[in-house]
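Okay, thanks for coming, everyone. I'd like to walk you through a structure that will be new to most of you, so let me put it on the screen.

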Number of protein chains: 2
Amino acid sequence: MPEPIVRAHHPFDEAIALTPIAAADAESDRGSTRSWGGRTHPAYANMVGPYGGIMAAQALNAALQHPELLGEPISLTVNFAAALADGPFRAEARPARTNRSTQHWLVSLLQTDEVGAESTKITATVVTAKRRTTWSSSEGAKPGVPPPASVARAAPVRPTAWFERYELRFCAGEPPRDWDGAEADSETQLWVRDEPARPLDFCSLAALADAFYPRVWRKRALLTPAGTVSMTVYFHVGAAELAAVGTGYLLGQARGQRFFNGFFDQHAALWSEAGDLLATTHQIVYFKE
Amino acid sequence: MPEPIVRAHHPFDEAIALTPIAAADAESDRGSTRSWGGRTHPAYANMVGPYGGIMAAQALNAALQHPELLGEPISLTVNFAAALADGPFRAEARPARTNRSTQHWLVSLLQTDEVGAESTKITATVVTAKRRTTWSSSEGAKPGVPPPASVARAAPVRPTAWFERYELRFCAGEPPRDWDGAEADSETQLWVRDEPARPLDFCSLAALADAFYPRVWRKRALLTPAGTVSMTVYFHVGAAELAAVGTGYLLGQARGQRFFNGFFDQHAALWSEAGDLLATTHQIVYFKE
């Protein structure tokens, strides 16, 4: 395969860009609250509001931009309280607690409505830590699948902008061809990377954790409305290991365990081509009918 | 088996009890913040600070006690920023956003130190929702194991108080008999219920989600220091289904996927004896060496 073209100004970097609003005015023992201005990006639009993964990356980036940041991300939980409207938002981040080697963050994305009232659209918690070198081991083995070049690139399930920001190659569990209500299992295996290709970092890995289409679509072969309510990402590598992945493909595997009265779960894992387990992720998703 | 004895005053209920501190003084468009007084309970003490599961239940209970509560718990994420000291704490809960059928909560557990400074020990987010009856399905099948009565009850791994608050019957992956550093897989299957028996509810289910001993102990057969950093519980049933479980045993299965430079993950599921998947849960855990 030819080397991928890496754009200098990638839409992902534009989408997660945050501009400091003001210096901290509320320093306290609990850490200082900082604010940034952000903006939704049309390249990552979803059917209603932005792609969940880009909002997860924006929330994570607020903590990573904070001058009091300690270490690298270990855990991220994002709660999608309401859809972001197209336009500007305010990101707020505060270290709720800073220990010697770990730090606990509270993050919110907020928007102001037409009458000037600001409301919370996204809440998030982040744990960052200084890792030390320890005994390490992996039990989650990368499934055996054909290499990316031998798997066809997928056409978008639906004409949404964010789908075009990822190169998706389904090894198993592709979106149903016929939305005929024929139930199947909920598993999907796919190769994925940013489109255009972009070197992997914590924010793009967080966004990639949401790149699976709703498990209920796979399970039921029905395009029922569905939206992520809460999503957690555990990062299993440091910045050096992410840099080593570069613009390579990730293998993702996702599955649901229970669909019950309006909500289902999804658990997923993301490996590098070399077989390194980079992240595990879970989400709980609303569905209708 | 004889019917279990259910105590009128169960230590679990004592441990999660919260007393309102004052009426809301900060009503706002973002919802009102309420405060409660709580206290650590010696029956749920761990090696350093309380058992994580009881703190998860205390945090969840703050949201459930709030007069503005909408619906039942769908998702809970608890971040263990610092160990609670033995004694009183303050629980604070605020609905960050209330939609028509879902509600997003921010919860903190705080303690005041000897010089009067209050600091955050636990942060949590909770999603509650009014469920509607929909198509439902389960893919996470309960593993085939012998019934609880035919599995021996476990002796405590270490003499910690909380271990005596659960009846644990290991079907597979029991704690190593010899701490000899012999590596194994990280999987555990066990029957578990409160000791003494207590009818299941959302708070006790949240606590049970943490009833697996650290996966790194199983994996390495080494008693390395370990502590949960962040834990998420997805609730896959409503109050009626929990009530139907009553004081029955739950089957729990837990496994780690990656152990890397000081942190590992654990994913687990909890089924009723009847085979109903009640909750899935994930945590990221610090370990030393």
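I'll start with the whole thing, then one chain, and then a few residues.

First, a word on what you're looking at: this is a predicted model. The scores for the model are ipTM 0.95 and pTM 0.95. For chain A, the mean pLDDT is 93, and 93% of the residues get to 70 or more.

Now, how are chain A and chain B related? Take chain A, rotate by 180° with 0.0 Å of shift along the axis, and chain A lands on chain B with an RMSD of 0.0 Å. So the two copies are related as by a two-fold rotation axis. In general, two copies of a chain are related by a rotation about an axis plus a shift along that axis. What about the surface they use to meet? Of the interface residues in chain A, 100% are interface residues in chain B as well, so the copies meet through the same surface.

Let's zoom in on chain A by itself. Its secondary structure adds up to five helices and 14 strands. The radius of gyration is 19 Å, close to the 19 Å you'd get from the globule rule for 289 residues, so chain A is as compact as a globular protein of that length. If you lay the C-alpha trace along its principal axes, the spans are about 55 × 50 × 40 Å.

How much of chain A is buried? The buried share is 59% of the 289 residues. As for the outside, chain A exposes about 11,000 Å², and 50% of that comes from carbon and sulfur atoms. One more number on the fold: take the contacts in chain A with a separation of 6 or more, and 71% of them are between residues 24 or more positions apart.

Okay, on to the residues. Here's some background: most residues other than glycine have a negative phi, and most peptide bonds are trans. With that in mind, have a look at E195(A) and P196(A), which are joined by a cis peptide bond with omega at about -5°. Where does P196(A) sit? You'll find P196(A) in the loop between β9 (188–194) and α3 (202–208) of chain A. Over in chain B, the bond from E195(B) to P196(B) is cis too, with omega near -5°. P196(B) is in the loop between β9 (188–194) and α3 (202–208) of chain B.

Then there's phi. A221(B) isn't a glycine, yet its phi is positive, about 50°. That residue, A221(B), is in the loop between α4 (215–220) and β10 (226–235) of chain B. Is A221(B) buried or exposed? With a relative accessibility of 3%, A221(B) counts as buried.

N261(B) is another one: not a glycine, and phi is positive, near 40°. Look for N261(B) in the loop between β12 (258–260) and β13 (263–272) of chain B. N261(B) is buried, at 14% relative accessible area. So which residues does N261(B) touch? Leaving out residues up to four places away in sequence, N261(B) touches R131(A), R132(A), T133(A), T134(A), W135(A) and S136(A). And the side chain of N261(B) reaches the backbone nitrogen of T134(A) at 3.2 Å.

Now flip to the other copy. N261(A) is in the loop between β12 (258–260) and β13 (263–272) of chain A, and at 14% relative accessibility N261(A) counts as buried. Apart from neighbours within four places in sequence, N261(A) is in contact with R131(B), R132(B), T133(B), T134(B), W135(B) and S136(B). Its side chain reaches the backbone nitrogen of T134(B) at 3.2 Å.

Last stop, back in chain A: R39(A), in strand β2 (residues 34–39). Buried or exposed, then, for R39(A)? R39(A) counts as exposed, at 52% relative accessibility. Setting aside residues up to four places away in sequence, R39(A) touches A15(A), Q58(A), G87(A), P88(A) and F89(A). For a sense of distance, R39(A) and S75(A) are 36 residues apart along the chain, and their C-alpha atoms are separated by 24 Å.

That's the tour, so let's take questions.

Definitions and conventions: Residues numbered from 1 in each chain as written. Chains lettered and ligands numbered in written order. Predicted model: local features only at pLDDT ≥ 70, side-chain atom pairs only at ≥ 80, totals over all residues. Heavy atoms only, no water. Least-squares fit on C-alpha atoms with pLDDT ≥ 70 in both. Contact = heavy atoms within 4.5 Å. pLDDT = per-residue confidence, 0-100. Helix = DSSP H or I, 4+ residues; strand = E, 2+ residues; numbered from the N terminus. Rg over C-alpha atoms; globule rule 2.2 N^0.38 Å. Buried < 20%, exposed > 50% of the residue type's maximum accessible area, 1.4 Å probe, protein only. Areas by Shrake-Rupley, 256 points an atom, 1.4 Å probe, with all protein chains shown as cover. Polar contact = N/O pair within 3.5 Å; in protein donor to acceptor, adjacent residues only side chain to side chain.
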